[in-house]
Amino acid sequence: MWCYRGGSISTEPRINDRIRVPEVRLVGPSGEQVGIVPLAKALELAQEYDLDLVEVAANARPPVCKLMDYGKFKYESAMKAREARKNQAHTVIKEMKLRPKIDPHDYDTKKGHVVRFLKQGDKVKITIMFRGREQSRPELGYRLLQRLASDVEDLGFIESNPKQDGRNMIMVLGPHKKKTEAMAEAREAQAARKAEAKANPGKSQNAAETDSVDEDIADEVATDEVETAEAPAEASAEA
């Protein structure tokens, strides 16, 4: 009876004694072509150079192997992958909910959140929630959305015009600034503040907290592709 025991398939290349072929096409440590040599000879050269024999093209006939410091190679590859993920932008749709008759103070608070989201390069979904008799006055929600769009027009634009969706009215604001640009500016501002703090050790706590916020913005990261998530942000709140 055949039984599959599972286990992960290794994606690591074979190195040194794990290579099981009679001969290999050898590439030297500087990229020079050594030619086809017996496996024993290739392993002997690896020992002479104090390097590893790494199989870099297993499907070739014979397989191609290179002399290298495999530990250093793995570390550099990991750093490159990390840097690529760090510089990758994730376009996220934040959400902010308001009521048609929102208090002026609450409006200013929520507008501040919208400004922050747009500065970070994120889209913002604005939802006006109607309750009871408010549903008969959709123009109140429309005017509120137009007012908000006008207040933040220097940071964003109306990507999706206001439209009724059941008891709600929805509008989407898009940022003028790309996510990658916002992340780069946040890193630059953070680096400038760190340099200033180093020059002036008596830095205030408020400035330190600002650095922490910018660091979160700069290190925000997505996946191998740019993706859009239409989930409400933690900062979203109902009026």
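In this predicted model, Glu 134 is buried, with a relative accessible area of 14%. Its partner is Arg 99: the two form a salt bridge, and their closest N and O atoms sit 2.9 Å apart. Arg 99 counts as buried too, at 17% relative accessibility. Both values fall under the 20% cut-off for calling a residue buried, so neither end of this pair is classed as partly exposed. Side chains of opposite charge can pair when their charged atoms come close. This particular pair links distant parts of the chain, 35 residues apart. Glu 134 is found in the loop between strand 6 (123-129) and helix 4 (138-151), while Arg 99 belongs to the loop between strand 5 (93-98) and helix 3 (104-119).

That is one of five salt bridges in the structure. Another brings together the side chains of Glu 159 and Lys 123, at 3.0 Å from N to O. Glu 159 is part of strand 7 (residues 156-165) and Lys 123 is part of strand 6, so this pair ties together stretches 36 residues apart in sequence. Buried or exposed, or something in between: where does Glu 159 fall? Glu 159 counts as partly exposed, because its relative accessibility is 40%. Lys 123 also comes out as partly exposed, with a relative accessible area of 21%. A further salt bridge joins the side chains of Arg 137 and Glu 139, with 2.4 Å between N and O. Here again the residues are partly exposed: Arg 137 has a relative accessible area of 39%, and Glu 139 has one of 31%.

The strands just mentioned lead on to a sheet. Strands 5, 6, 8 and 7 make up an open sheet of four, in the order 5-6-8-7, and the pairing is mixed. Which strands form the edges? Strand 5 and strand 7 do, since each of them pairs on one side only. Direction ignored, neighbouring strands of this sheet are turned by 20° against each other on average. In the middle of that order, strand 6 and strand 8 (residues 168-175) run antiparallel and are joined by six bridges. To pick out one spot along this pairing, Lys 125 stands opposite Val 172 in strand 8.

Two helices pack on this sheet. Helix 3 touches strand 5, strand 6, strand 7 and strand 8, and its direction makes about 170° with that of strand 5. Helix 4 also packs on the sheet, with contacts to strand 5, strand 6, strand 7 and strand 8; its direction makes about 10° with that of strand 8.

There is another open sheet of four strands, this one with the order 2-1-4-3 and, again, mixed pairing. Its edges are strand 2 (33-38) and strand 3 (52-57), each pairing on one side only. On average, neighbouring strands here are turned by 35° against each other, direction ignored. Strand 1 (residues 23-27) pairs with strand 2 in the antiparallel sense, over five bridges. Along that pairing, Val 24 stands opposite Val 37 in strand 2. In a regular strand the side chains alternate between the two faces of the sheet.

A helix goes with this sheet as well. Helix 1 (residues 39-49) lies across strand 1, strand 2, strand 3 and strand 4 (64-68), and it runs at about 125° to strand 2.

At the other side of the strand order, strand 3 and strand 4 run antiparallel, joined by five bridges. Leu 53 stands opposite Leu 67 in strand 4. How many residues does the hairpin between strand 3 and strand 4 pass through? The hairpin joins the two strands through six residues.

Ala 57 gives a closer look at this region. Ala 57 has its place in strand 3, and it counts as partly exposed because its relative accessibility is 27%. Leaving aside residues up to four places away in sequence, Ala 57 touches Pro 63 and Val 64. As for Arg 14, it is 43 residues from Ala 57 in sequence, while the C-alpha atoms of the two are 10.0 Å apart in space.

How values were computed. Residues numbered from 1 in each chain as written. Predicted model: local features only at pLDDT ≥ 70, side-chain atom pairs only at ≥ 80, totals over all residues. Heavy atoms only, no water. Axes fitted to C-alpha atoms, helices over the stretch in contact; angles between N-to-C directions. Contact = heavy atoms within 4.5 Å. Salt bridge = Lys/Arg side-chain N within 4 Å of Asp/Glu carboxyl O. Buried < 20%, exposed > 50% of the residue type's maximum accessible area, 1.4 Å probe, protein only.
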